[in-house]
Amino acid sequence: MPKKTIKRMMPDHQTIKENKYLKVFGDLLHNPNLWHLNRHSVAKAFAVGLFFAFIPVPFQMVLSAGIAIIVHANLPLSIALVWITNPLTMPFIFYACYLVGTWVLAVPEEDFAFQASWQWVLDSLSTIGPAFLVGCGVLAVIFSILGYFVIHSFWRYQTIKAWKSRPHR
């Protein structure tokens, strides 16, 4: 069952409650629904976490936590899923976002050489920025919806399978 696997990988909720960046949410973190693992909270967590994984803003985890609190999604899972875009995967994912953005906007791909500087980021906002941001938005929505329905369906399938395998009384 997915619940056991997810529970094993999740951090302790007390650690998350004491995180200095999440203290802004105060007593909202004491809502027990944020810590339960069920089909609905986990599916919502996947939707929220995957959405913010594709949004290129600082403090993605805090934004993910805020929305998870609002929609009563599993908080640790929402925060952890943001780390799909980590320093190793970010170049590939964001390049894919750029390619999707050029396709959606029907603009030609531009040659560019990445430089790790704020000046390069500011200069590229006017050239490759629009295609990149549109691609990020499109993929964020697609993977968010896909993640929600895949997890919801998989969880339901596993539950039905477990019920069918029980001996009849």
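Which residues does T102 touch, not counting residues up to four places away in sequence? In this predicted model, the partners of T102 are V107, P108, E109 and A131. T102 itself is found in helix α6, which runs over residues 90-105, and T102 is buried, with a relative accessible area of 5%.

A word on confidence helps before going further. The mean pLDDT of the protein chain is 84, and 89% of its residues reach 70 or more. Helix α3 (residues 39-53) has the highest confidence, at a mean of 93, while helix α1 (residues 2-9) has the lowest, at 67. Where pLDDT is low, the predicted coordinates should not be read in detail.

Helix α6 offers a good place to start. Its 16 residues reach 22 Å from the first C-alpha to the last, close to the 22 Å expected at 1.5 Å a residue. The buried residues of α6 are I93, F94, C97, Y98, G101 and T102, and these pack against α3 and α8 (129-165). Just after α6 comes A106, whose phi is positive, near 55°. On the other side of the helix, the loop between α5 (75-81) and α6 holds N86. The side chain of N86 reaches the backbone nitrogen of L88 at 2.8 Å. N86 can also be placed relative to A53: the two are 33 residues apart in sequence, yet their C-alpha atoms are 8.9 Å apart in space.

One of the buried residues of α6, C97, raises the matter of disulfides. A disulfide is a covalent bond between the sulfur atoms of two cysteines. Why do C97 and C136 not form one? The sulfur of C97 is 3.7 Å from the closest cysteine sulfur, in C136, and because a disulfide needs the two sulfur atoms within 2.5 Å, this is too far for a bond. Seen from the other partner, C136 has its closest cysteine sulfur in C97, again at 3.7 Å. Both cysteines are tucked away from the surface in the sense of accessibility: C97 is buried at 0%, and C136 is buried at 1%. The count of disulfides comes to zero.

Attention can now turn to helix α4 (60-71). The 12 residues of α4 should span 16 Å at 1.5 Å a residue, and the end C-alpha atoms are 17 Å apart, which agrees. Buried in α4 are Q60, S64, A65, G66, A68 and I69, and the buried residues of this helix pack against α3 and α5. Following α4 is H72, with a positive phi near 60°. I69 touches F25, L28, L29, L34 and L75, not counting residues up to four places away in sequence.

I69 also leads to the nonpolar cores. In soluble globular proteins, nonpolar side chains tend to be buried together. The largest nonpolar core here has 20 residues, and V42, F46, I69, L75 and L77 touch the most other members. Helices α3, α4, α5 and α8 each supply at least two residues of this core, and the largest share, five residues, comes from α3. A second, separate core has 17 residues, including V48, A53, F54 and C97. Two residues met earlier therefore return in this second core, namely A53 and C97.

Technical notes:
Residues are numbered from 1 along each chain as its sequence is written. This is a predicted model: local features need pLDDT of at least 70, side-chain atom pairs count only at pLDDT 80 or more; totals for chains, interfaces and linings use all residues. Side-chain values use heavy atoms; hydrogens and water are left out. pLDDT is the predictor's confidence in each residue, from 0 to 100. Helices (H or I, at least four residues) and strands (E, at least two) are DSSP runs, numbered from the N terminus. Buried means under 20% relative accessible area, exposed over 50%, partly exposed in between (1.4 Å probe, protein chains only). Contact means heavy atoms within 4.5 Å. The expected span of a helix is 1.5 Å times one less than its number of residues. A polar contact is a pair of N or O atoms within 3.5 Å; within protein, one must be able to donate a hydrogen and the other to accept it, and residues adjacent in sequence count only if both atoms are side-chain atoms. A nonpolar core is a set of buried Ala, Val, Leu, Ile, Met, Phe, Trp, Tyr and Cys residues joined through side-chain atoms within 4.5 Å.
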